[in-house]
Amino acid sequence: MRKVYFIIFIILLAGCQSESTTKKINIKNDNNKSQAIQTKEIDEEELEKEAQAAKTYFAKMIEAIDDNNRKEFLSFQNEKNKLFYKEQDAWILGVYVKRKEGVSLTTKIRQLELTSLTKGNLTLQIDMKNKDKIYSNQITYTIIKKGGKWKINDLPFKKMTNGPINLYYLPSLEYQAAQVMKDLKKLVDLYIEYFDWDPKEVNVKLYDSLEELSASVPWETVPGVSQSFISLKFFVDTTYSDVTYNIMKHEVVHTMLAEISNDNATEFMHEGLAIYISSAVSKDPQGNPRIDLNGVKERENILLDNIKTFKPINELNNIDYTNDSGDIYSLGFLLTDYLISNYGMDKYLNLLSELKKEDIVDNYNEEKQQIVYKRVIKAMEKIYAPIDQLSKDYADYFNKLKQ
């Protein structure tokens, strides 16, 4: 009997100890939950405090934009992201040029959100007023904190590479990016073969928002753009279409021409050759690009039906690119068409070779347009004829075709 009571006592004692241990564990767990909640509240407070500090910090960047302060503006950009840093340098220059052209441009912080104490997103709104038209574009950059300072670090692009092409695309454009790369590679290969182009690096960025692409340039609204020696940018909708392909045909020519002329081609040469080549490029039944000069003839006929006068070459440089861009495109195309049709592609390439001998003019040099123009005239006179004679010949040639 004593043995039975002893066993029962041991069991009861063990049960009491088990219950006591359980209570202690529960109490400990409750304390952990309390601490976790408290830590979470502290983190949110710190995050909010850091977000406010970041807004105040980036407000100084907005001041730098308003003051056209290049050095100060670039101090807010991630210099380790070399391609983006170059694009931002081109961006602040673009702001200066736009304002010089009479466009009102203002930038403001639309939203700033942090996902941690060192990462977040910054949405900028760029408002532009050109004459009576108002444009408002937004772009959301990723931001990172480095060395105690916040830096803008571009959009969350992914990357794929094929030969000299580096294609950056947003995650939403994964499928379209594969198609774009396929066509881009074929276009670049065609231009390499046709123009003896030797591209070292062709950087291309795809945007799923027209507003973000336009804001990144900055431009009122643009579906595609080439930035010499930096990158090409294209808007791609939910479906990759012939519209984007046709823009790529045109803009890749700008990138190529900048390289093979050492950026010494005038605007009318750039737009002229870009329209000439993009008009000539079509796809064969297998989807491969080819040069078909029938497209050039069709473009020529359309322009000749609408154009009234052929400005001399020395007047093409004075065209207001913003307000009279039609002349830059149409007359630039016709002059390019005339030179290649009458003198051949080899001589046109000789013209570009002459220009490549010259140094690159810094984009911040306000005399760049005039310097480049004088170099073009000098090269044209060496390869073709005195500029007055060349102007008369190209005008006579098209006036006869109009009859």
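Let's start with a pair of helices: H11 (residues 345-356) and H12 (residues 368-383) pack at an angle of about 135 degrees, and their axes lie 9 Å apart. Keep in mind that this is a predicted model. Angle and distance are the usual way in, since two packed helices are described by the angle between their axes and the distance between the axes.

How do H11 and H12 sit relative to each other? With that angle they are oblique, because oblique is what remains once angles under 35 degrees, over 145 and from 65 to 115 are set aside. Their crossing is right-handed. On the H11 side, Lys 347, Asn 350, Leu 351, Glu 354 and Leu 355 make the contact, and they meet Arg 375, Val 376, Ala 379, Met 380, Lys 382 and Ile 383 of H12. Sorted by class, the residues of this contact come out as 6 nonpolar, 1 polar and 4 charged.

A second pair is worth a look too. The axes of H6 and H7 come within 8 Å and cross at roughly 130 degrees, which makes H6 oblique to H7. This crossing is right-handed as well. From H6, the contact takes in Lys 249, His 250, Val 253, His 254, Leu 257 and Ala 258. H7 brings Met 269, His 270, Glu 271, Leu 273, Ala 274, Ile 275, Ile 277 and Ser 278. Of the residues in the contact of H6 with H7, 8 are nonpolar, 4 polar and 2 charged.

Now for the empty space. Rolling a probe the size of a water molecule over the atoms shows where such space is left. Here are three of the spaces, side by side.

| Space | Volume | Lining by class |
|---|---|---|
| Second largest pocket | about 530 Å³ | 11 nonpolar, 6 polar, 9 charged |
| Largest cavity | about 50 Å³ | 8 nonpolar, 2 polar, no charged |
| Second largest cavity | about 40 Å³ | 6 nonpolar, 2 polar, no charged |

Take the pocket in the table, with its space of about 530 Å³. It is lined by 26 residues, and the closest to its centre are Trp 197, Asp 198, Lys 200, Phe 229 and Glu 259. Which elements each supply at least two residues of its lining? They are helix H3 (82-100), strand E6 (165-169), strand E7 (202-207), strand E9 (231-235), helix H6 (242-260) and H11. The largest share, 4 residues, comes from H11. So H6 and H11 turn up again here, after their helix contacts above.

On to the closed spaces: the structure holds 3 cavities of 30 Å³ or more. The largest cavity is lined by Met 61, Ile 65, Phe 73, Gln 77, Gln 88, Trp 91, Leu 124, Ile 126, Tyr 141 and Ile 152. Two or more of these lining residues come from each of helix H1 (2-66), H3 and strand E2 (119-130).

What lines the second largest cavity? The residues are Phe 268, Met 269, Gly 332, Leu 335, Thr 336, Leu 339, Tyr 348 and Met 380. Helix H7 (267-280) and helix H10 (325-343) each give at least two of them, and the largest share, 4 residues, is from H10. Two names in this lining may ring a bell. Met 269 lines the cavity and is also part of the contact of H6 with H7. Met 380 lines the cavity too, and in H12 it takes part in the contact with H11.

Note on methods
Residues are numbered from 1 along each chain as its sequence is written. This is a predicted model: local features need pLDDT of at least 70, side-chain atom pairs count only at pLDDT 80 or more; totals for chains, interfaces and linings use all residues. Side-chain values use heavy atoms; hydrogens and water are left out. Axes are lines fitted to C-alpha atoms, for helices over the stretch in contact, and angles run from 0 to 180 degrees between N-to-C directions. A crossing is left-handed if the near helix is turned anticlockwise from the far one by less than a right angle, and right-handed if clockwise. Contact means heavy atoms within 4.5 Å. Ala, Val, Leu, Ile, Met, Phe, Trp, Tyr, Cys and Pro count as nonpolar, Asp, Glu, Lys and Arg as charged, and the others, Gly among them, as polar. On a 1 Å grid over the protein atoms alone, a cavity is a set of points where a 1.4 Å probe fits but cannot get out, and a pocket is an open set with protein on both sides within 12 Å along at least five of seven lines; lining residues have an atom within 4 Å of a point. Grid points are joined across faces, edges and corners, and a volume is the space filled by probe spheres set on the points.
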